[in-house]
Amino acid sequence: MLAANGGDWPPLAPPGELPTTYVKCLLDGPEPNDVVAALLDSERWRLVTMATGHWPMFSQPAELAALLTAQVS
């Protein structure tokens with residue numbers, strides 16, 4: 001599939017090369033798993049935390065929206 005700009009869609013970049021914000025829900029445990037921890041060593045990945053369980057879109061939707069908006073602003 002082609003993107004509007006004529007490039008491939010979805011982009012064919014490895015996950016570690018894409019700008020990424022990882023939202024860690026602290027009630028699921030304090031540390032990201034080993035795969036995510038390795039990706040967080042990349043300059044392009046950011047870790048943010050929320051004091052909630054696995055579904056912040058239900059438990060803290062306004063806070064999650066604000067957090068995501070701040071990451072793209």
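**Which residue in β2 does Y22 stand opposite?** In this predicted model, the residue facing Y22 is L47 of β2. Move along and you meet another such couple: V23 has V48 as its bridge partner in β2. Both couples belong to the pairing of β1, which covers residues 20–25, with β2. The two strands run in the parallel sense, and six bridges link them. As a general point, side chains in a regular strand alternate between the two faces of the sheet.

**A step back shows how the strands are joined up through a helix.** Helix α1, residues 34–39, teams up with β1 and β2 to make a β-α-β unit. That unit is right-handed.

**Now for the whole protein chain, with its three helices and two strands.** Follow the sequence and the elements come in the order β-α-β-α-α. The protein chain has 73 residues, and 21% of them count as buried. Among contacts with a separation of 6 or more, 53% are between residues 24 or more positions apart. The accessible surface adds up to about 5400 Å², and carbon and sulfur atoms make up 62% of that.

**Zooming in on T52, we land in the loop between β2 and α2.** Strand β2 spans residues 45–50. Is T52 buried or exposed? T52 counts as buried, because its relative accessibility is just 3%, and the cut-off for buried is under 20%. Leaving aside residues up to four places away in sequence, T52 touches C25, L26, L27 and D28, along with S59 and Q60. One of these, C25, sits within the residue range of β1, while S59 falls within the range of helix α2.

**The last close-up shows a nonpolar patch on the surface, formed by W55, M57 and F58.** Together, these three residues offer about 400 Å² of accessible area. Where does F58 lie? Its home is helix α2, which runs over residues 56–59. F58 counts as exposed, because its relative accessibility is 65% and the cut-off for exposed is over 50%. So the view pairs nicely with the one before: T52 is buried, whereas F58 is exposed.

Definitions and conventions. Residues numbered from 1 in each chain as written. Predicted model: local features only at pLDDT ≥ 70, side-chain atom pairs only at ≥ 80, totals over all residues. Heavy atoms only, no water. Patch = residues over 30% accessible without salt bridge, like charges linked within 9 Å, V, L, I, M, F, W, Y side chains within 5 Å. Areas by Shrake-Rupley, 256 points an atom, 1.4 Å probe, with all protein chains shown as cover. Salt bridge = Lys/Arg side-chain N within 4 Å of Asp/Glu carboxyl O. Helix = DSSP H or I, 4+ residues; strand = E, 2+ residues; numbered from the N terminus. Buried < 20%, exposed > 50% of the residue type's maximum accessible area, 1.4 Å probe, protein only. Contact = heavy atoms within 4.5 Å. Pairing = 2+ DSSP bridges. Right-handed = clockwise from strand over helix to strand, strands pointing away.
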